[in-house]
Amino acid sequence: TGAIRYNSETLSFEGYSGTWGSLGGVKDVDGDTYISAEDSPGDDNDQLKFYTATLERMRIDSNGRVGIGITNPQYSLDVDGIIQSNDEIFAPEFTATSDIRVKENIKRYQQPFLEKLCQLNLFEYNFIKDYSKNNETMYGLLAQNVQKVIPEAIKTKKVKVNDKNIDDFLTISQNTLITYLIGSVQQLNNAHNNLANEFIKLHNDYTELKESYNLEKELKNYRK
């Protein structure tokens, strides 16, 4: 037995069993973690806002768009922060932010791209089961090897693997590797053009020498 009341200050139902307390559900006992459907009675926001420790952490707007750390999501899922997954992420297309309007300190980037890429080792491996659900054989790079050759391609993150915190977990920037691939193709193209120009010069020199030889041979015959 007991009693139920509606608390107009906390806008929640409470139960009495020696003391009044929240009935739980979508609000915790001290009222700082909850889900809000309206800013105030009668507003009809058509939103769901998720709070923990008094701060809004996630919102689903009237269009069904989800914002995590964002109060005005523009996409189906809009996140302010880093996303981690322990399995595949797949989609018809992946894009990276590259608009000049959100970039600064822009300058040319030159490196011995091809030389460094050739120093990277390729491996066959599996992820340990405590880290990834995907146990398929995979092929690619090791971050520790990349760090020695292209240190600017390495980013350090904090992760938890098998209940163990790792503060220096190494990841590889795909954008940096793509930059090295493009730079390598450009360097190969320049080398190809230089060889082609050298070949043309040698061919022209050969043609000139051949014509000179044939002319000397012809004149020699006339002198007989």
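User: Where in the chain is Ala53 found?

Analyst: Ala53 is in the loop between β5 and β6. Keep in mind that this is a predicted model.

User: Why is Ala53 called partly exposed?

Analyst: Its relative accessible area is 42%. Buried would need a value under 20%, and exposed one over 50%. Ala53 at 42% fits neither, so partly exposed is the right label.

User: And why does Thr54 get its own accessibility label?

Analyst: Thr54 shares that loop between β5 and β6. Its relative accessible area comes out at 51%. The cut-off for exposed is over 50%, so Thr54 counts as exposed.

User: What is there to say about phi of Ala53?

Analyst: Phi of Ala53 is near 50°, a positive value in a residue other than glycine. Most residues other than glycine have a negative phi. Thr54 is another such case, with phi near 75°.

User: What do β5 and β6 form, with these residues between them?

Analyst: A hairpin, with 2 residues between the strands. Strand β5 covers residues 48-52 and pairs with β6 in the antiparallel sense over 5 bridges. Two strands pair if there are at least two bridges between them, so 5 bridges clear that bar. Thr52 stands opposite Leu55 in β6.

User: How do you know that β6 and β7 are joined as well?

Analyst: Count the bridges again: 3 of them join β6 (residues 55-60) to β7 (residues 66-68), and the two strands run antiparallel. The pairing rule asks for at least two, so β6 and β7 qualify. Met58 stands opposite Ile68 in β7, and Arg59 has Gly67 as its bridge partner. This hairpin has 5 residues between the strands, and Gly64 takes a positive phi near 85° there.

User: What makes β4 and β8 edge strands?

Analyst: The open sheet has 5 strands in the order β4-β5-β6-β7-β8, with mixed pairing. β4 (34-36) and β8 (77-79) each pair on one side only, and that makes them the edges. Neighbouring strands of this sheet are turned by 20° against each other on average, direction ignored.

User: How do you know that the span of helix α3 agrees with its number of residues?

Analyst: α3 has 50 residues (174-223), and at 1.5 Å a residue the helix should span 74 Å. The expected span uses one less than the number of residues. The end C-alpha atoms are 73 Å apart, so the two values agree.

User: Which residues of α3 are buried?

Analyst: They are Thr176, Leu177, Tyr180, Gly183 and Ser184. What covers them includes α1 (113-117) and β12 (164-172).

User: Why is the pair of Phe113 and Tyr180 called edge-to-face?

Analyst: The ring centres are 5.0 Å apart and the planes stand at 85°. A pair needs centres within 6.5 Å, and edge-to-face needs planes over 60 degrees apart. Both conditions are met, so edge-to-face is the right name. The pair links distant parts of the chain: Phe113 sits in α1 and Tyr180 in α3, 67 residues apart. Both residues are buried.

User: How many aromatic pairs does the whole structure have?

Analyst: A search finds 7. There is also an aromatic cluster formed by Tyr125, Phe127, Tyr131 and Phe169.

User: What makes up the largest nonpolar core?

Analyst: It has 12 residues in all, among them Phe113, Leu117, Leu120, Val146, Leu177 and Tyr180. To count as a nonpolar core, buried residues of the nonpolar kinds must be joined through side-chain atoms within 4.5 Å. α1, α2 (143-149) and α3 each supply at least two residues, and the largest share, 3 residues, comes from α2. As background, nonpolar side chains tend to be buried together in soluble globular proteins.

User: Which residues is Leu120 in contact with?

Analyst: Leaving aside neighbours within four places in sequence, Leu120 is in contact with Leu141, Asn145, Val146, Val149 and Ile150.

User: Last one: why is Lys155 called partly exposed?

Analyst: Lys155 has a relative accessible area of 44%. That value lies between the 20% and 50% cut-offs, so the label is partly exposed. Lys155 is found in strand β11 (residues 154-161). Not counting residues up to four places away in sequence, Lys155 touches Phe169, Leu170, Thr171 and Ser173.

Definitions and conventions
Residues numbered from 1 in each chain as written. Predicted model: local features only at pLDDT ≥ 70, side-chain atom pairs only at ≥ 80, totals over all residues. Heavy atoms only, no water. Helix = DSSP H or I, 4+ residues; strand = E, 2+ residues; numbered from the N terminus. Axes fitted to C-alpha atoms, helices over the stretch in contact; angles between N-to-C directions. Buried < 20%, exposed > 50% of the residue type's maximum accessible area, 1.4 Å probe, protein only. Contact = heavy atoms within 4.5 Å. Phe/Tyr/Trp six-rings, centres within 6.5 Å; stacked < 30°, edge-to-face > 60°.
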